[in-house]
Amino acid sequence: MTPKDSALLEVKQLEYSYPDGHKALQSVSFAVHQGERIGIIGANGAGKSTLLLLMCGLLQASDGSVFIEQTEVSPKTFKKVAPKLGVVFQNADDQLFYQFGL
């Protein structure tokens with residue numbers, strides 16, 4: 001696979017459980033390549049926002065990995081990948097004042 005063919009965003013076997021033990025995501029995997037558009041849909045509480053927070057590095061997965069342009073999203077790489085992917089929250093107060101445990 002050449003760099004041109006590689007995924008801009010890749011999620012591999014991502015898993016996350018909330019602090020109360022409720023499993024939000026289980027074995028989620030997908031890739032997005034240049035020129036592709038995706039939609040993430042589901043009912044309230046399905047884990048859409050949690051997935052986005054994991055992809056941005058604002059939450060840490062219990063298992064699995066997220067890669068932005070072949071760089072794994074982690075606390076060590078956060079400053080490198082943060083400018084490449086962002087989230088705008090529905091509630092502006094959450095965007096400005098909520099702490100994600102960073």
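**Group meeting: salt bridges, sheet and core**

I'll start with one residue, Glu69, which counts as partly exposed because its relative accessibility is 39%, between the 20% and 50% limits of that class. Before going on, please keep in mind that this is a predicted model.

Glu69 has a charged partner. Its side chain meets that of Lys84 in a salt bridge, at 2.8 Å from N to O. This pair links distant parts of the chain, 15 residues apart: Glu69 lies in the loop between S3 and S4, and Lys84 in the loop between helix H2 (78-81) and helix H3 (92-97). Lys84 is also partly exposed, with a relative accessible area of 43%.

How many salt bridges does the structure hold? There are two. The other one joins Lys23 to Glu15, with the closest N and O atoms 3.1 Å apart. Is Glu15 buried or exposed? Glu15 is buried, at a relative accessible area of 16%, which is under the 20% cut-off. Its partner Lys23 is partly exposed, at 38%. As general background, side chains of opposite charge can pair when their charged atoms come close.

Now the sheet. It is an open one, built of four strands in the order S2-S1-S3-S4, with antiparallel pairing. Which strands stand at the edges? They are S2 and strand S4, residues 71-72; each has a single partner strand, so one side of each is left without a neighbour in the sheet. In general, strands of a sheet pair through backbone hydrogen bonds.

Let me take two of those pairings. Strand S1, residues 9-17, and strand S2, residues 23-32, run antiparallel and are joined by six bridges. In this pairing, Leu14 stands opposite Val28 in S2. The hairpin of S1 and S2 has five residues between the strands, and in it Gly21 takes a positive phi near 95°. Then there is strand S3, residues 63-68, which pairs with S4 over two bridges, again in the antiparallel sense. There, Phe67 stands opposite Glu72 in S4.

On to the aromatic rings. Searching the whole structure gives one aromatic pair. Its members are Tyr16 and Tyr18, with ring centres 5.6 Å apart and planes at 85°, so the pair is edge-to-face; the cut-off for that label is over 60 degrees. Tyr16 counts as buried, at 11% relative accessibility, whereas Tyr18 counts as partly exposed, at 28%.

Next, the inside. The largest nonpolar core has 18 residues, and Leu9, Leu14 and Val66 are the ones that touch the most other members. At least two residues of this core come from each of S1, S2, H1 and S3. Which element supplies the largest share? That is H1, with five residues. Leu14 therefore appears twice in this talk: opposite Val28 in the strand pairing, and among the best-connected members of a core defined by buried residues.

Last, the outside. Ile38, Ile40 and Leu52 make a nonpolar surface patch of about 230 Å². Of these, Leu52 is found in helix H1, residues 48-56. Why does Leu52 count as partly exposed? Its relative accessibility is 33%, and the partly exposed class runs between 20% and 50%. H1 thus has a residue in the patch and also gives the core its largest share.

That is the end of my part.

Technical notes:
Residues are numbered from 1 along each chain as its sequence is written. This is a predicted model: local features need pLDDT of at least 70, side-chain atom pairs count only at pLDDT 80 or more; totals for chains, interfaces and linings use all residues. Side-chain values use heavy atoms; hydrogens and water are left out. Patches are made of residues with over 30% relative accessible area and no salt bridge: like charges are joined within 9 Å, nonpolar side chains (Val, Leu, Ile, Met, Phe, Trp, Tyr) within 5 Å. Accessible areas come from the Shrake-Rupley method with a 1.4 Å probe; for residues, only the protein chains shown count as cover. A salt bridge is a side-chain nitrogen of Lys or Arg within 4 Å of a carboxyl oxygen of Asp or Glu. Buried means under 20% relative accessible area, exposed over 50%, partly exposed in between (1.4 Å probe, protein chains only). Two strands pair if DSSP finds at least two bridges between them. Rings of Phe, Tyr and Trp (its six-membered ring) pair if their centres lie within 6.5 Å; planes under 30 degrees apart count as stacked, over 60 as edge-to-face and the rest as tilted. A nonpolar core is a set of buried Ala, Val, Leu, Ile, Met, Phe, Trp, Tyr and Cys residues joined through side-chain atoms within 4.5 Å.
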